[in-house]
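Open the model in your viewer and keep the selection tool at hand. The stops below say what to select and what is found there.

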Amino acid sequence: MRDYIKNNPVTLFFILTLLISWSGILIVANQTGIPASTDQFDKLLPIAMIPYLLGPSIAGFIMIGITKGKEGFSALFRKLFKWRLGSSTYLIAIGTVPIISFISLFILYQFSEVYIPDIVTTTDKIPLILSGLIYGILGGGLLEELGWSGYATPKLREKYSVLKTGLIIGAFWGAWHFLPVFWGSGDSSGNLVLSKFLPGLFFHYAGLIPVRILIVRLYDRSLSLIPPILLHATLTAFTFFIFNISQVGVSLFIYYALLATLFWVVVALIKRKSFLEPTKIRK
């Protein structure tokens, strides 16, 4: 077992993450089935999401405890509170997703009014913004990145470049979203609605992989967890709350496709400036 853990630490981290994260959904699915009906999903989502969001951080803590002990936890928390970083790092972390989301919606709005975001159409703007930021920072940012950036990224960077590390974690990150997206894609009777399921499935691979590459590079340049948390938080807050569109099917797929394309464009542009080139081993 010691040899397996030593030789396959990231694989074990991924397995533990899935076991912990999907446990809540699988438990409540005994009552709802998969997919759940819309009423069941809305009612039981908070219960299922607690272990889901905690999965990456708990798995990361377990692996750090097994492989590095107190020294590993000390290093993790130093990175969590390392905030003296360059202004450009914060600008990239905070501004990338909102700007790309706004550009995507502005382009698509020229062709259809369905691309008016929720922040414009809702009368409860402050609750929408606050709920997006709170969920983004605490759920999407902090709890997830303690695992993805706190453990998996530095471990993979010992062997792989920024690009390969981002591709590996990004692919798993997309797969990690599969079960909750599938579980929440039912109609009022619990039948699978492909117009709800397929756009999310698409974005969680096409869109999340380039975002993860950017997150890995921000970590690599700063050796801090704050930029990854902030970029992840803005992705959740703006894509799924503030700049969300109340559409399914083709309209939503087109929005996600343009978002993903622009994220890849950003990756390609910064790669030309050596932003993604491996520097040195990051631990």
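Start with H5 and H12, where H5 passes H12 in a right-handed crossing. The model is a predicted one. To display the pair, select residues 87-109 for helix H5 and residues 226-242 for helix H12; the two pack at an angle of about 15°, with their axes 8 Å apart. Because angles under 35 degrees count as roughly parallel, H5 is roughly parallel to H12.

Next, show side chains on both helices. On the H5 side, the residues that meet H12 are Thr89, Tyr90, Ile92, Ala93, Ile94, Thr96, Val97, Pro98 and Ser101. On the H12 side they are Ile226, Pro227, Leu230, Leu231, Thr234, Leu235, Phe238 and Thr239. Coloured by class, this contact of H5 with H12 shows 12 nonpolar, five polar and no charged residues.

Move to the segment before H12. Select Leu223, in the loop between helix H11 (208-222) and H12. Its phi is near 50°, a positive value in a residue other than glycine. Is Leu223 buried, exposed or partly exposed? With 24% relative accessibility, Leu223 counts as partly exposed.

The second helix pair is H2, residues 9-32, and H8, residues 162-176. Their axes are 11 Å apart and the packing angle is about 20°, which makes H2 roughly parallel to H8. H2 and H8 also cross in a right-handed way. Select Phe14, Thr17, Leu18, Ser21 and Trp22 in H2, then Ile168, Ile169, Phe172, Ala175 and Trp176 in H8, to see the residues that make the contact. By class, the contact of H2 with H8 has eight nonpolar, two polar and no charged residues.

Now select Thr153, which is found in helix H7, residues 125-157. Thr153 counts as buried, because its relative accessibility is 0%. Beyond its neighbours within four places in sequence, Thr153 is in contact with Trp148, Thr165, Ile169, Val216 and Tyr219. Ile169 was also on the H8 side of the contact with H2.

Trp148 leads to the next stop, the largest nonpolar core, which has 65 residues. Which of its members touch the most other members? They are Phe13, Trp148, Trp173, Trp183, Leu235, Tyr255 and Phe263. Helix H3, residues 38-67, supplies the largest share of this core, nine residues. Leu235 has already appeared among the H12 residues that meet H5.

Centre the view on Trp183. Leaving aside neighbours within four places in sequence, the contacts of Trp183 are Ile25, Val28, Thr32, Gly33, Ile34, Pro35, Ala36, Phe41, Leu44, Leu45 and Ala48.

Two of those contacts, Ile34 and Pro35, are worth selecting together. What kind of peptide bond joins Ile34 and Pro35? The bond is cis, with omega about 0°. Pro35 is placed in the loop between H2 and H3.

End at Thr38, in helix H3. At 27% relative accessibility, Thr38 counts as partly exposed. Apart from neighbours within four places in sequence, Thr38 is in contact with Gly186, Asp187, Ser188 and Lys196. Finally, draw a C-alpha to C-alpha distance from Thr38 to Asn191: the two are 153 residues apart in sequence and 9.7 Å apart in space.

Note on methods:
Residues are numbered from 1 along each chain as its sequence is written. This is a predicted model: local features need pLDDT of at least 70, side-chain atom pairs count only at pLDDT 80 or more; totals for chains, interfaces and linings use all residues. Side-chain values use heavy atoms; hydrogens and water are left out. Axes are lines fitted to C-alpha atoms, for helices over the stretch in contact, and angles run from 0 to 180 degrees between N-to-C directions. Helices (H or I, at least four residues) and strands (E, at least two) are DSSP runs, numbered from the N terminus. Angles under 35 degrees count as roughly parallel, over 145 as roughly antiparallel, 65 to 115 as roughly perpendicular and the rest as oblique. A crossing is left-handed if the near helix is turned anticlockwise from the far one by less than a right angle, and right-handed if clockwise. Contact means heavy atoms within 4.5 Å. Ala, Val, Leu, Ile, Met, Phe, Trp, Tyr, Cys and Pro count as nonpolar, Asp, Glu, Lys and Arg as charged, and the others, Gly among them, as polar. A nonpolar core is a set of buried Ala, Val, Leu, Ile, Met, Phe, Trp, Tyr and Cys residues joined through side-chain atoms within 4.5 Å. Buried means under 20% relative accessible area, exposed over 50%, partly exposed in between (1.4 Å probe, protein chains only).
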